[in-house]
Amino acid sequence: LSNFRFPDNELLKTGMPFSVREFEIVKLIASGMDSQHIAEKIFLSVHTVNTHRRNILNKTGKNTVAELIYELKDNGLL
């Protein structure tokens, strides 16, 4: 439990209800990684990564992750 930290300061800055894992995936997408590479890097299945991506879009109301990343970068959050 000592490794569990919540709330995460970076997540609080976004004002968006991301889980820690979802925010990690957003940052990896922003760095240019696709679902396959993200899955390999954080030891998840591609299906799980894609589920996180879908949940991220549902939570934010964005049509694409690129829109979300643009907004986060524009606001200095990524």
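## A walk through a five-helix model

Start at the N terminus and follow the chain: the elements run α-α-α-α-α. That gives five helices and zero strands. Keep in mind that this is a predicted model. Colour the 78 residues by accessibility, and you'll find that buried residues make up 31% of the protein. If you switch on contacts between residues at least 6 apart in sequence, 49% of them join residues at least 24 apart.

**Stop one: α2 against α4**

Select residues 20-30 for helix α2 and residues 46-60 for helix α4. Their axes come within 10 Å of each other and cross at roughly 100°. Angles from 65 to 115 degrees count as roughly perpendicular, and α2 and α4 therefore fall in that group.

Now show the side chains where they meet. On the α2 side, pick R21, E22, I25, V26 and I29; on the α4 side, pick H52, R53, N55, I56 and K59. Colour this contact by class and you get four nonpolar, two polar and four charged residues.

**Stop two: E22**

Stay in helix α2 and click on E22. Is E22 buried or exposed? With a relative accessibility of 4%, E22 counts as buried, because the cut-off for buried is under 20%. Which residues does E22 touch, leaving aside neighbours within four places in sequence? Look for P17, H52, N55, I56 and K59.

**Stop three: α2 against α5**

Keep α2 on screen and add α5, residues 65-74. The axes of α2 and α5 also come within 10 Å, and they cross at roughly 90°. That angle makes α2 roughly perpendicular to α5. To see the contact, select V26, I29 and A30 in α2, then V65, L68, I69, L72 and K73 in α5. By class, this contact of α2 with α5 has seven nonpolar residues, no polar ones and one charged one.

**Stop four: the nonpolar core**

In soluble globular proteins, nonpolar side chains tend to be buried together. Here, the largest nonpolar core has 16 residues. Which of them touch the most other members? Select I25, V26, I29, I38, I56 and L68. At least two core residues come from each of α2, α3 (35-42), α4 and α5. The biggest giver is α2, with five residues.

Zoom in on I38. Not counting residues up to four places away in sequence, I38 touches I25, L28, I29, M33 and V49.

**Stop five: an aromatic pair**

How many aromatic pairs does the structure hold? Just one. Select F18 and F23: the ring centres are 6.1 Å apart and the planes sit at 25°, so the pair is stacked. Switch to the surface view to check on these two, and you'll see that F18 is buried and F23 is buried as well.

**Last stop: F43**

Move to the loop between α3 and α4, where you'll find F43. Is F43 buried or exposed? F43 is exposed, at a relative accessible area of 74%. Before you leave, check its backbone: phi of F43 is near 60°, a positive value in a residue other than glycine.

Notes. Residues are numbered from 1 along each chain as its sequence is written. This is a predicted model: local features need pLDDT of at least 70, side-chain atom pairs count only at pLDDT 80 or more; totals for chains, interfaces and linings use all residues. Side-chain values use heavy atoms; hydrogens and water are left out. Axes are lines fitted to C-alpha atoms, for helices over the stretch in contact, and angles run from 0 to 180 degrees between N-to-C directions. Helices (H or I, at least four residues) and strands (E, at least two) are DSSP runs, numbered from the N terminus. Angles under 35 degrees count as roughly parallel, over 145 as roughly antiparallel, 65 to 115 as roughly perpendicular and the rest as oblique. Contact means heavy atoms within 4.5 Å. Ala, Val, Leu, Ile, Met, Phe, Trp, Tyr, Cys and Pro count as nonpolar, Asp, Glu, Lys and Arg as charged, and the others, Gly among them, as polar. A nonpolar core is a set of buried Ala, Val, Leu, Ile, Met, Phe, Trp, Tyr and Cys residues joined through side-chain atoms within 4.5 Å. Buried means under 20% relative accessible area, exposed over 50%, partly exposed in between (1.4 Å probe, protein chains only). Rings of Phe, Tyr and Trp (its six-membered ring) pair if their centres lie within 6.5 Å; planes under 30 degrees apart count as stacked, over 60 as edge-to-face and the rest as tilted.
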